[in-house]
Amino acid sequence: MTNQHSEISQLSPQPLWQFFDKICSIPHPSKHEEALAQYIVEWAQSQNLPVKRDQAGNVFITKPATAGMENKKKVVLQAHIDMVPQKNEDTVHDFTKDPIQPYIDGEWVTAKGTTLGADNGMGMASCLAVLASTDIKHGPLEVLLTIDEEAGMTGAFALEKGWLDADILLNTDSEQEGEVYMGCAGGVNASIIFDLEREALPADHSLVKLAVKGLKGGHSGCDIHTGRGNANKFLARFLANHAEELGLRVIEFQGGSLRNAIPREASVTVALPNTQQAALTQAFEHYTQVVQQELSKIETALTSHITEANTTLTPFTMAVQRRFIATLNACPNGVIRMDDNFEGVVETSLNVGVITTEENKLTILCLIRSLIDSGRENVESTLTSLAKLAEATIEFDGAYPGWKPDPNSEIMHTFRDVYEGIYGKKPNIMVIHAGLECGLFKNPYPEMDMISFGPTIKFPHSPDEKVEIASVALYWEQMIAILENIPQKA
């Protein structure tokens, strides 16, 4: 499993980095992680470690306790196998076939033009490195590697009673060293669907495509409070202000690629009167300058483009166009409410993530996140009302529960004490606005004690994703120490 193929394999701690290096070499975007899962199974078999898979495809590996540690509570180390596939527009990369190309950039490791997959490849690598070790002291271990976390938590949803026997779960899917998480947001997908009616292209009209590009994007949970721009909302604002005065006729809108990633790019194909070409260019350039000034401290690479378009589709009817533009422009986006109990933590948010246009249907796919059910339900109600006003259909699916904080968590107290013993300071005990699989694990295993921790990863879910090298060493140090200090069985 540890064959080297890039410079990162020489970093320290070498066992972890070598595993991550290998993980990068095997394509594993969501829905296409089977090759990596099978490689892990074969590696475990080569190490004489018991390994099995459930019907969903989750991978389970066990390892006996080291000598003298048999009386410790059993621990399951947990990570997800899949990664988010995002690339820069000028990057040629097939995530289902091509390896990720990691490289060292100063104090960080990043990838050439694509997401790195440190989310959650670093956690997965640490789980495998513990399994491979001969010198780490630990009690009885289980490792759970789930599939399809990023695209719907399919593996976590499918986890059944009886597959795990551990008392404690260490989730490795957090992204800030020095923080340990004891709770997370739940979420649900919301789809606002317009049935499209189209009409013939008016005479003396040209087809053009308006595009917004270069936004930072990022994780719709971890980064939602940063004020980063949403490409879908930018185009909606322009259309709401200028479509009718310029005589624009919407034909197709495409924006974003994942419901849990802040959209970096969006485009709308329109027909416009030939006499309005210059006016459109002037209006779009002015609008872009306004937005660039508004977000000058955050979005430093925002650009817009107008190009010729070619499509066999015809424009929406004006009635449909007005309802769609008004709905997208009015749709809430970003932070809805901050949490009252945890300073600086988002309670409820909404990401207008993906817009797709087919011949007869247009879908606005959003992801609602909230630490509390009532917060999620409030946004669901808002979107339902918006859809009713727009005479559109709304559907909710893929709901997953939050992970309620347990102030009496034994493993939380153990981690805190171990961390303070190593560094002379306490970790920040946090609740994260992102969705972790822990909430779903609590359904079949309600008594399992859980925490989540990890190295520092910046800009996950975007091609700017990077992991801090020094934080990986600290994370590994913490992993080794916490395993050695797991409480005894009662």
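Here a visitor and a guide talk through some helices, buried residues and salt bridges of a predicted model.

Visitor: Let's begin with a helix. Which elements do the buried residues of α2 pack against?

Guide: Happy to start there. Helix α2 covers residues 34–46, and its buried residues are Leu36, Ala37, Ile40, Val41, Trp43 and Ala44. Seen down the axis of α2, these fall within an arc of 165°, so they line one face of the helix. The elements that this set packs against are α1 (14–25), β1 (51–53), β2 (59–63), α3 (118–132) and β6 (141–146).

Visitor: How far does α2 reach from its first C-alpha to its last?

Guide: Helix α2 has 13 residues, and the rise to expect is 1.5 Å a residue. The reach is close to that expected value, namely 18 Å.

Visitor: And which residue with a positive phi follows α2?

Guide: Look just past the end of the helix. The phi there is near 60°, and the residue is Asn48.

Visitor: Let's move on to α7. Which of its residues are buried?

Guide: Helix α7 takes in residues 318–330, and its end C-alpha atoms are 18 Å apart, in agreement with the span for 13 residues at 1.5 Å a residue. Its buried residues fall within an arc of 165° seen down the axis, so one face of the helix is lined by them. The cover over them includes β9 (186–195), α5 (231–246), β11 (249–255), β15, β16 (361–370) and α8 (373–389). The buried residues themselves are Val320, Gln321, Phe324, Ile325, Thr327 and Leu328.

Visitor: Which residue of α7 forms a salt bridge with Glu244?

Guide: Glu244 sits in helix α5 and its partner in helix α7, so the pair ties together parts that are 78 residues apart in sequence. The closest N and O atoms are 2.8 Å apart. At 46% relative accessibility the partner counts as partly exposed, and it is Arg322.

Visitor: Where is the partner of Lys73 in its salt bridge?

Guide: Lys73 lies in the loop between β2 and β3. Its side chain meets that of Glu410 at 2.7 Å, N to O. Glu410 is partly exposed, with a relative accessibility of 34%. The two are 337 residues apart along the chain, and Glu410 is found in helix α9 (residues 410–423).

Visitor: Are Asp223 and Arg228 buried or exposed?

Guide: Their side chains meet in a salt bridge, 3.5 Å from N to O. As for accessibility, the answer for both Asp223 and Arg228 is buried.

Visitor: How many salt bridges does the count come to?

Guide: Some of them join up into a network, such as the one linking Asp373, Arg376, Glu377 and Glu380. The count of salt bridges comes to 17.

Visitor: Now for Asp339. Which backbone nitrogens lie 2.8 Å from its side chain?

Guide: Asp339 is in the loop between β14 (334–338) and β15 (346–357). It is buried yet has no salt bridge, and the nearest side chain of opposite charge, Arg337, is 6.0 Å away, beyond the 4 Å cut-off. A polar atom of the Asp339 side chain lies 2.8 Å from the backbone nitrogen of Asn341. Another such distance of 2.8 Å is to the backbone nitrogen of Phe342.

Visitor: Which backbone oxygen does the side chain of His80 reach?

Guide: His80 is in strand β3 (residues 75–80). With 0% relative accessibility, His80 counts as buried. Beyond four places in sequence, its contacts include Asp119, Asn120, Met124 and Glu437. The oxygen that its side chain reaches, at 2.9 Å, is that of Asp82.

Visitor: What is the relative accessible area of Phe441?

Guide: Phe441 lies in helix α10 (residues 438–441). Leaving aside neighbours within four places in sequence, Phe441 is in contact with Gln78, Leu144, Thr146, Ala156, Leu159, Leu169 and Met450. It is buried, with a relative accessible area of 1%.

Visitor: Last one: what separates the C-alpha atoms of Leu258 and Ser220?

Guide: Leu258 lies in the loop between β11 and β12 (266–273). Among the residues it touches are Val84, Pro85 and Asn351. Leu258 and Ser220 are 38 residues apart along the chain, and their C-alpha atoms are separated by 9.6 Å.

Note on methods:
Residues numbered from 1 in each chain as written. Predicted model: local features only at pLDDT ≥ 70, side-chain atom pairs only at ≥ 80, totals over all residues. Heavy atoms only, no water. Helix = DSSP H or I, 4+ residues; strand = E, 2+ residues; numbered from the N terminus. Buried < 20%, exposed > 50% of the residue type's maximum accessible area, 1.4 Å probe, protein only. Lys, Arg positive; Asp, Glu negative; His and termini not counted. Polar contact = N/O pair within 3.5 Å; in protein donor to acceptor, adjacent residues only side chain to side chain. Expected span 1.5 Å × (residues − 1). Arc of directions from axis to C-beta. Contact = heavy atoms within 4.5 Å.
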